[in-house]
Amino acid sequence: MKTKKFDYLIVGAGPAGMFACYELLKRKVDGKTIALFDMGSRLEDRKKSEVMTGFGGAGTYSDGKLHYTPKLSHERTFHLIDPDDYQKILDEVEKIFADFGVDSEYFPKNAEEVEEMVAEAERNDVELVVRKAQHVGTDKLKEVVAKFQKYLLDRGVTLFDKTEIVDLIVKKEEAVGVVDKKGNKYLGNRVLLVPGRVNAAWLQKIGKKYGIKYQYDMVEIGVRVEFPRSVMKRYAEALYEVVLKVRTKTFDDVMRTFCSCPNGLVAVETYPEYICVNGHSLSDHLSLNSNFAFVCEVHLTEPVENSIDYAESIAKLATTIGGGKPILQRLKDLQRGRRSTWSRLKKSMVRPSLKDVTPGDISMALPHRIVVNILEGLEKLDTVMPGINSGSTLLYAPEVKLRSSKVALTPAMETTLKNVYAAGDAAGVSGSITGAAATGIMAARGMSKRKT
Ligand SMILES: Cc1cc2nc3c(=O)[nH]c(=O)nc-3n(C[C@H](O)[C@H](O)[C@H](O)COP(=O)(O)OP(=O)(O)OC[C@H]3O[C@@H](n4cnc5c(N)ncnc54)[C@H](O)[C@@H]3O)c2cc1C
């Protein structure tokens, strides 16, 4: 077991950790040393199956949709920063991505057409959210991340890959370092915790152990919807990312589409105790199908406020029923209250892009309220996206977004434990690549400003 000393310790090499390092280097931290830890591999050793861990984090093999309008998950920082100042940081993130080779076209393409689409949605009691975005594509994004890794390493950042940090070293109520799984110690008086969604539960555990304050927030639970690409074509061409919000008839809950992948593929995310579904597109756009997440916002109030536990227990149940694989069901089968089988799935006009699934019954895995919301929500969406409510539409479960441990932070992104900062998805202040990147920059600024 060894002990090493650095000035800045950054746990997690996802977008939040990468941009925090970048900002610290930019601020010329005067010979101060930066250690960047990731439980996964450095980029060149990272396998395709390692979707959640390794340099670049969940961003590396993601679809690479980059959003630059401070809406939706970006709003999760607004208790810490003025929206106009946040926009300036997002603009910087955009410029940094461009410097590392992102040159994809911008959405929305035609403002007039988009205005009419917004109006049409309004007339049907549906909200269409419009944001400035670029789509990089999974394959191209990896090149961008490779340049980013090289940039950081060339400038002296020490990357400890395959190094899982398991604990903090705390003395007199302030953090003075971290410990890895093998017992090696790394001393430093600024610790940034950015472990992403894959390890949000670990951040909570650390929080409980050291009295770092946090509050539960909403989670989103639902399905990944796959359909012929023609169904979403109009939206994809104008906006690329389609965020449509509806309120459901029976429960008056909000259901929304997000993470839409035009001509994309459905993917699996593997967590230690369960699996979830997600989606991505390659930049060549060859798939005949498109997909998006269709999820229901779940806010829990006392006495059961731990929405992470609730969402994870649903994901575990779905994983059990799917035999360790995502459950796939044809919408017509769900509407008729029967399970899907491979022979019933063959009757669908949509060929599943993810084959390693278990045909089954989503209503056996998701709570009744969410299943009703999915059925009613798709009906409503069909008014602005004809064809989405067709019997051939495919539903994959579980699609679960955990954003519920919102760490209590100062505007400098410091937690209630001295010297410990947090950012990115695990801290509950972002839910996207650009959001995580922006909060990483905010944390770097906070850390570098504080006097030792
Ligand atoms: C399949 C998929 C597709 C997506 N598509 C998009 C998209 O198109 N656009 C978009 O904006 N967002 C997308 N997202 C979400 C986006 O990737 C995340 O919001 C973003 O990566 C969060 O950044 P982060 O830095 O907070 O965490 P992460 O990217 O999750 O990175 C956290 C890193 O920390 C490491 N880590 C965790 N715990 C420890 C520990 N204890 N010790 C050491 N290392 C640790 C992990 O290995 C990981 O590399 C997608 C996500 C997935 C899974």
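Domain bounds here come from an automatic or database domain assignment. The model is predicted.

**Exercise 1.** Determine which domains make up the chain and how they meet.

*Solution.* Step 1: the chain is divided into domain 1 (3-107 + 133-215 + 407-449) and domain 2 (218-402). Step 2: taken over C-alpha atoms, the centres of domain 1 and domain 2 are 29 Å apart. Step 3: 18 residues from domain 1 and 27 residues from domain 2 take part in the contact. Step 4: between them the two domains bury about 1800 Å², with 58% of it on carbon and sulfur atoms. Step 5: on the side of domain 1, Lys 65, Phe 107 and Arg 197 lose the most area to domain 2, together 32% of what that side buries.

**Exercise 2.** Explain why the ligand lies between the domains.

*Solution.* Domain 1 and domain 2 both give residues to the shell around the ligand, so the ligand lies between them.

**Exercise 3.** Describe the surroundings of the ligand, from its shell to its polar neighbours.

*Solution.* Step 1: there are 37 residues around the ligand, of which Asp 38, Ala 58, Ile 165, Asp 425 and Ile 433 come nearest. Step 2: sorted by class, the shell comprises 14 nonpolar, 16 polar and seven charged residues. Step 3: a nitrogen atom of the ligand lies 2.9 Å from a backbone N or O atom of Met 39. Step 4: a polar backbone atom of Ala 58 is 2.8 Å from an oxygen atom of the ligand. Step 5: for Ile 433, a backbone N or O atom lies 2.8 Å from an oxygen atom of the ligand. Step 6: the ligand taken alone exposes 1000 Å², and the protein buries 97% of that. Step 7: helix 1 (15-26), strand 18 (275-280) and helix 11 (433-449) are the elements that give two or more residues to the shell.

Notes: Residues are numbered from 1 along each chain as its sequence is written. This is a predicted model: local features need pLDDT of at least 70, side-chain atom pairs count only at pLDDT 80 or more; totals for chains, interfaces and linings use all residues. Side-chain values use heavy atoms; hydrogens and water are left out. A residue is near a molecule or strand if one of its heavy atoms lies within 4 Å of it. A polar contact is a pair of N or O atoms within 3.5 Å; within protein, one must be able to donate a hydrogen and the other to accept it, and residues adjacent in sequence count only if both atoms are side-chain atoms. Accessible areas come from the Shrake-Rupley method with a 1.4 Å probe; for residues, only the protein chains shown count as cover. Helices (H or I, at least four residues) and strands (E, at least two) are DSSP runs, numbered from the N terminus. Ala, Val, Leu, Ile, Met, Phe, Trp, Tyr, Cys and Pro count as nonpolar, Asp, Glu, Lys and Arg as charged, and the others, Gly among them, as polar. Contact means heavy atoms within 4.5 Å. Buried area is the accessible area (1.4 Å probe) that two parts lose on being put together, summed over both.
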